Amino acid sequence: MRLRYLMFSRRYASTVLETNLSKLGTKWRSKTLRGVPVACRDDSNQSIYILSMFPYPSGMLHIGHLRVYTISDALNRFYQLQGCRVLHPMGWDAFGLPAENAAIERGMDPAVWTKHNIYKMKEQMNQMLANFDWDREITTSNPDYYKFTQKIFLELYKHGLAYRKKEEINWDPVDQTVLANEQVDAEGRSWRSGAKVEKKLLNQWFLGITRFAESLQYDLDALRGWPENVKTMQKNWINVSHGTEVIFPSTINEDITVFTTRADTLFSVQYIALAINHPVVRKLAESDERLREFISYADSLPRGNKAGYLLKNLSVASPVLDVKQFDIPVFVAPYVLGSYGYGAVMGCPAHDERDFAFWQSNMPGSPVKYTIQPTTTEITLPYTEDNGTLNSSSGRFVGLSTEQARHQIISHLEERKLGMKTTSYRLKDWLISRQRYWGAPIPIVHCDSCGEVPVSEDNLPVMLPTVERIASKGNSLSSMQDFVNTTCPSCGSPAKRETDTMDTFMDSSWYFFRYLDPHNSKAPFSYEKASKHMPVDMYIGGVEHSILHLLYSRFISKFMTSIGMWDGSKVLGEPIKKLVTQGMVHGKTYVNPQNGRFLKTEDLDLTQMDKPIIRKTGEVPSISFEKMSKSKYNGADPASCISKWGPDATRAHILFQAPISDVLRWDESKIVGIERWLNRVIKLSHSLATTDITPIKSVNVETMNDSEVKFHKEVQVLLRSITKAFKETLSLNTVISDYMKLTNVMEHAFKDNKIGNEFVLSSFQKFVTVIYPVVPSISEEAGEILKSKETYTWSQYRWPTIEDIKESSNVSYQVVINGKKRCVYYSTKDFINDKESVIRTLQSLPECQKFWDGKKLKNVIIKKNIISFVLT
Ligand code: ANZ
Ligand code: ZN
């Protein structure tokens, strides 16, 4: 019974009494999509570049997009209201595997598929009222864009930073393509297809990002506007490490080279460990079946496992001993990374954690030999600190500190040609070859006589041939004879085109430069425009792009600075000043407590949004928030949310639910709170519009009464907090709660007889402006309602200046005469310091004069803000 009543009243409330927010969104769509009227944001030569990560055009905006673009649009509108010219562009990261795979599935041309998706997604961006500068729109798969991706490739090539080499690469057997190391996860699976990655030896194109490794790492310290966690991730990824390569003479004809940062521990070496794909291991495996078995077993172990295989016919000698003794055993061990240093480690169980663990599990009970003596306490093994002195097991280096020993041992090795200083990076050169159709073709021609020849710039773009449809995965370009067969740009004889296309990260590594000069047909962008607007002031996007995309963008941007394409000299060639990473959006997940199965919404009775019931059993499901996935039926569709609740409520809801960098638990049922608030806003604007109020030009605290001053203060505090959140802290969730507080304060003030409505009106006008970044159509609607009253005009699109509430100027003093409060007097804080002046001033107050008439002053007592006169 009660339930029915509630449902009825809610429906009644939202259709009869209250504004239909979704309709308001439609009503104001075209106006709000243009943003703040240009005349209001053009009078300043301040400009700001706000960028949000451009999407891959899948055809559907997902809730993560909704979150990023809401954040970025709110900031965009805020800065517009500040009078700035805001660059707020949008485009499409349109090349790549998903489009190609989808096109294969549907038997379509990926270009057609992509265009269609872009059309759909742009419509959805409009629905959410994202005000992008569509004149600057770019699509990376358009020839007028990839022409310049190719041009940048040629620049890299010219500078020796693009090269081809045979390498063992990661092969994704499902997607039939090569993957960069970065695209393989910790379990050795493809980041996209999830397939177990295979190793293949292929001729591939690489970009020399390691040449920039040091600046990519060290310049992170200068990026003060970046979150620390992102900088740490990048640092760990690049991992520049200054150390030594040490050569261990061996019993076979190939010596073993290792990389170490602790050459001072050389005397404690008890074994050598090789990665399972080390060339020596591979060779030995040819004639050792047990080794082959070990390798395939080791391949399946989690990283860091301490398994080992002792190589029987191989041992090495210490390079620091005068007499060569081949007494150091060699193991194959999966804890050694094939892709770091030389894929070989000198094992020092006494001084390295991992080596210690390895030694204990492979040589249980064998003694551990320590050579570094800590300066103070007793030694407990392993002793890993780089601090102490070399003990008597260290030959002629005994007594030296670890640092001194390192220098001397390195010199000693250098003399004997058994080692030298070197730098290792975890970062590898960037493999950009993809054996796929839907990407920018690499502009190179292979000629039998000239070798590889770059396509001349006048002949760019190397056009991707159009296709009706793509039949199968794998490299379809290589079977398109018209594309492949060409003439050599250098000697004119028949030659063949390179058929690899570029990794899409190459397309997205420079797109934010192109936005600045999107119609330039001669160059990727003009030097002047880029130098004027770069770096990007604020870049907003998912934290999942913290490593790859941002690292590649920094590399290309630094490279382009280094060859004078833009002036990045003052910013170390860094493209992004402030980085804002948003957290993931998790979906409401219902599980049947009986069997642990995920439930679809159809299986649930959701009439009472906060109390779902399993239809079949009448039971209450368990609810959690998890990463959205099809199998958990916990996805959310932004489009349906917008059409149900309107764009404004949706935007406010998404910002309100969590701080931007936190995980957001998407729970649509909570949006009703926002809806209620927005309806109150509209209602208040009607109330103000139907009341006769004489608007005030400016607020003068001196003329206000106590309640008005208090109200004014509260409003100013909230306005200041909102401004600060947009400008400094980006705490956009508290912006929404401040909006709500402000609404409460104004509603109360409007009802309060002690507060003049002119003050409420003045505050509400400011409020209409400050809510514009988040709820633009509500702001427009409220503005329109107010302006229906001709006298209520104000500069709606100017961010209000926050008045400093000078504490000194508005202390209110209660004037008490013979025990009775007679009036309130406003003055400075130090007013009460001069007693004579207090008496003089208050004596002559018109409203108090009659109490003084004919009386004599006996005493004055001042206690805080109460001034008591005793008259006789
Ligand atoms: C001997 C040693 C003794 C080491 C000691 C450390 C401490 P960073 O600083 O990250 O560069 N190493 C070298 N190549 C490796 C590989 N392919 N896989 C796994 N580990 C490898 O680390 C450098 C250290 O990592 C090197 O210094 C080496 O172990 C190990 F008391 O050499 B050290
Ligand atoms: Zn040639």
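**Domain layout and zinc site of the predicted model**

The centres of domain 1 and domain 3, taken over C-alpha atoms, are separated by 54 Å. The structure is a predicted model, in which local features need pLDDT of at least 70 and side-chain atom pairs count only at pLDDT 80 or more, while totals for chains, interfaces and linings use all residues. Residues are numbered from 1 along each chain as its sequence is written, ligands are numbered from 1 in the order in which they are written, and side-chain values use heavy atoms, with hydrogens and water left out. The domain assignment, which is automatic or taken from a database, gives domain 1 (240–425), domain 2 (443–462 + 471–499), domain 3 (586–635) and domain 4 (810–871).

The zinc ion (ligand 2) has as its protein donors Cys 447 (SG), Cys 450 (SG), Cys 488 (SG) and Cys 491 (SG), at 2.2 to 2.3 Å, donors being N, O and S atoms within 2.8 Å of the metal (3.2 Å for Na, K and Ca). Because the 4 donor atoms subtend angles of 106 to 114°, the arrangement around the zinc ion (ligand 2) is tetrahedral, a term applied to four donors if all angles lie between 85 and 135 degrees. The donor residues follow the sequence spacing C-x2-C-x37-C-x2-C.

With buried defined as under 20% relative accessible area, exposed as over 50% and partly exposed as in between (1.4 Å probe, protein chains only), Cys 450 is partly exposed at 32%, whereas Cys 488 is buried at 4%. Gln 124 is likewise buried, with a relative accessible area of 14%.

Key
Four donors count as tetrahedral if all angles lie between 85 and 135 degrees; four count as square planar and six as octahedral if opposite donors are over 155 degrees apart and all others between 65 and 115; anything else is irregular.
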